[in-house]
Amino acid sequence: MSTVREWGACGTATISLIEGERALHAEGDLNTARHHFDAAYHEAECDGDAVALARAALGLGGIWVHEHRTAAEAQTIRVRQRHALTLIDPRSPLALRLRARLCGEEDYRAGRHAAILAMLTQARHSGDPVALAETLSLAHHCVLGPEHGVLRHELAEDMIGQASRTGRRGDLMMGLMWRTVDLFLAGHPHAGRSLDELRALLDETDHLAVGFIVSAIDVMLAIRAGRFAQAEKLAAESGERGARAGDIDAAGWPSGQVAIVRWYQGRLPELLPILTELVNSSVLGVLDYSYLAATATAAAGAGEHRLAVNMLARLRGQDLARLPSSSVWLTTLYGVAEAAHLLGDADLSTQTYELLRPYAHLPAITSLGVACLGSVHHPLGVASLTTGDLARAVIHFGEAVRANLALGHWPAVALSRWRLGQALALRGEPAERELELAAQEAAEMGMALPASPSGTARRTGKVVCRRRGPQWQFEFGTRCAHVDHSVGMGHLATLLANPGREVRAGDLVTGPAATEAVSTQPLLDEEAKRAYQQRLGQLQDDIDELESMNDLERATALRAEHDWLVTELAAAAGLGGRTRSFAGTDERARISVGKAIRRAIGRIAEADPVIGAELRATVQTGQRCVYQPR
């Protein structure tokens, strides 16, 4: 087997290495660093210089984990680093740094951190400050989940201290950057102080990679302040800065930030084509599932329910609980809670609630402070709304308002306050103050809030329905659906008018006059009956006139409407005062009524999945049928 020394000399890698390491660690210029390290790698191959080859291969990894997103690029760098490791002294600090880099990449991609923390112990025992500083940063990458806040803070503080030993400015900048991000992720009141300290160092001498992170945090803060136009402008500028630094996230982060703006503006469905394309983009990190959740929410809001369900299925895999912990985990589940609410998926909402509950005290911030959706109490409240636990929803939304006020996240304050008002209204409690204040706050920022609660459903928290001509109008909370009449709709109307009261299937078939035990809602109110009767008279006059003119085609069309109205009046009140009869046994009635009601609920679910899901959960059929509100 040939060794590096046997490849011969064709130049020197020293200059390229010096330029690459300065660009990477002092200037944060990832583009320039990659160019120099790639050149140094090939020069070292020609020189047969194993140490230079290893330094170049290490440098190609960059300062972040997972800098190379495509499979081809990532595998190329990995092969070079593993090959270089076989050529140098395994006991050297350089070999330790290479092993730490390879270990960090593997742990990150798998959503683990045990191996890199074991490497951190080796780095501490080595006594080499550079190896320790680099391993601290790699370890920090791998513990960005919400459960690792204390450990992250310790790693960042240690890295800041090690920077005084390495003498590399980049180590100090990275340590302070990690510390700042950690404080924001924790919702710490001193996060702004740390950001100002970092910004002051950048003002002295720029560091492109860290400066890109700071610019992204500035976008997040503009969104928190409710300055949406400024946030979009800053997002575009941040993307340009990231591109100059050579950061792969320069493409994805600004798009995600604009999506957050559109969410608060009530315009997220507008981005559905872009999100659908981005969700399969190679620029996204291997652990970034947030775009699946965002696409599901946008699709559900746009009425594209199949696409929304598909995105959620892709995200959930076999079990949502197995979703890897990462820097986007909280915001991903925030999106899942919203999509599940729009789809009326109570089971998914229950699971999402249980997963989020331990982190209720945290803000839902994505990646390195790129975007913030406010307190985790908010999606917990949304999940509670979906499952019908209004008391719990009120508690979470109240806590979300308080937490968002502390964050200074004014759009999140308005949204949580609005949801609080909705939950209070659904419980029949005073809600006007919360709703009015939220509407005022939202108007000042150009936000669009979810539909306002209104009508009987708002007061009772039950599904109610009323007849609107040839259709039924169903209301539940803030939602409303219109569905054409059918036999099953009539049965359902009787049950909804008598919540908690059992009605025999046979009585539903033969009509409300068959029993005095049930007080039912009239299929047509008196005003509707008068309107129908007036229309019948007008139709009869028009039909007579058209037939006298021998205009049989138009007369036939009007007679169809005439006959329909006669049928509806007969069904509602009974022409001649007689009730309908059903020839058959109770068993036939049970089967007939059950099928009719299930078909009706299916049609309601097509019009509004949330109302449909609520009816499926609360309407029971059989020999006796009942609507049992939750």
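Along β5, which side chains point to one face and are buried, and which point to the other and are not? Select β5 (479-484) and show its side chains. Arg 479, Ala 481 and Val 483 point to one face and are buried; Cys 480, His 482 and Asp 484 point to the other and are not. Buried here means under 20% relative accessible area, with exposed over 50% and partly exposed in between (1.4 Å probe, protein chains only). Strands (E, at least two residues) and helices (H or I, at least four) are DSSP runs, numbered from the N terminus.

A word on what you have loaded: this is a predicted model, where local features need pLDDT of at least 70, side-chain atom pairs count only at pLDDT 80 or more, and totals for chains, interfaces and linings use all residues. Residues are numbered from 1 along each chain as its sequence is written, and side-chain values use heavy atoms, with hydrogens and water left out.

**Stop 1: the sheet around β5**

Now add β3 and β4. You get an open sheet of 3 strands in the order β3-β4-β5, paired antiparallel. Two strands pair if DSSP finds at least two bridges between them. β3 (464-468) and β5 are the edge strands, each pairing on one side only. Strand β4 (residues 471-476) is joined to β5 by 6 bridges. Pick out Gln 473, which stands opposite His 482, then Phe 474, whose bridge partner is Ala 481.

Next, switch on helix α24 (residues 487-496). The helix lies across β3, β4 and β5 and runs at about 40 degrees to β4. For that angle, axes are lines fitted to C-alpha atoms, for helices over the stretch in contact, and angles run from 0 to 180 degrees between N-to-C directions. Contact means heavy atoms within 4.5 Å.

**Stop 2: helix α19**

Jump to residues 377-387. All of helix α19 is buried, 11 of the 11 residues, so the helix is largely enclosed by the rest of the structure. Who are the neighbours? The buried residues pack against α17 (329-343), α18 (346-356), β2 (371-375), α20 (390-407) and α21 (410-426). Just after α19, click on Gly 388: its phi is positive, about 85 degrees.

**Stop 3: the cavities**

Time to look for empty space. A cavity is a set of points, on a 1 Å grid over the protein atoms alone, where a 1.4 Å probe fits but cannot get out; lining residues have an atom within 4 Å of a point. Grid points are joined across faces, edges and corners, and a volume is the space filled by probe spheres set on the points. The count comes to 3 cavities of 30 Å³ or more.

The largest has a volume of about 750 Å³. To centre on it, select Asp 288, Ser 290, Val 328, Thr 366 and Ser 367, which lie nearest its centre among 47 lining residues. α13 supplies the largest share of this lining, 7 residues.

Then move to the second largest cavity, with about 300 Å³ of space. Of its 24 lining residues, His 25, Gly 62, Arg 101, Glu 134 and Arg 168 are closest to the centre. The largest share of this lining, 6 residues, comes from α7.

Notes. On a 1 Å grid over the protein atoms alone, a cavity is a set of points where a 1.4 Å probe fits but cannot get out, and a pocket is an open set with protein on both sides within 12 Å along at least five of seven lines; lining residues have an atom within 4 Å of a point.
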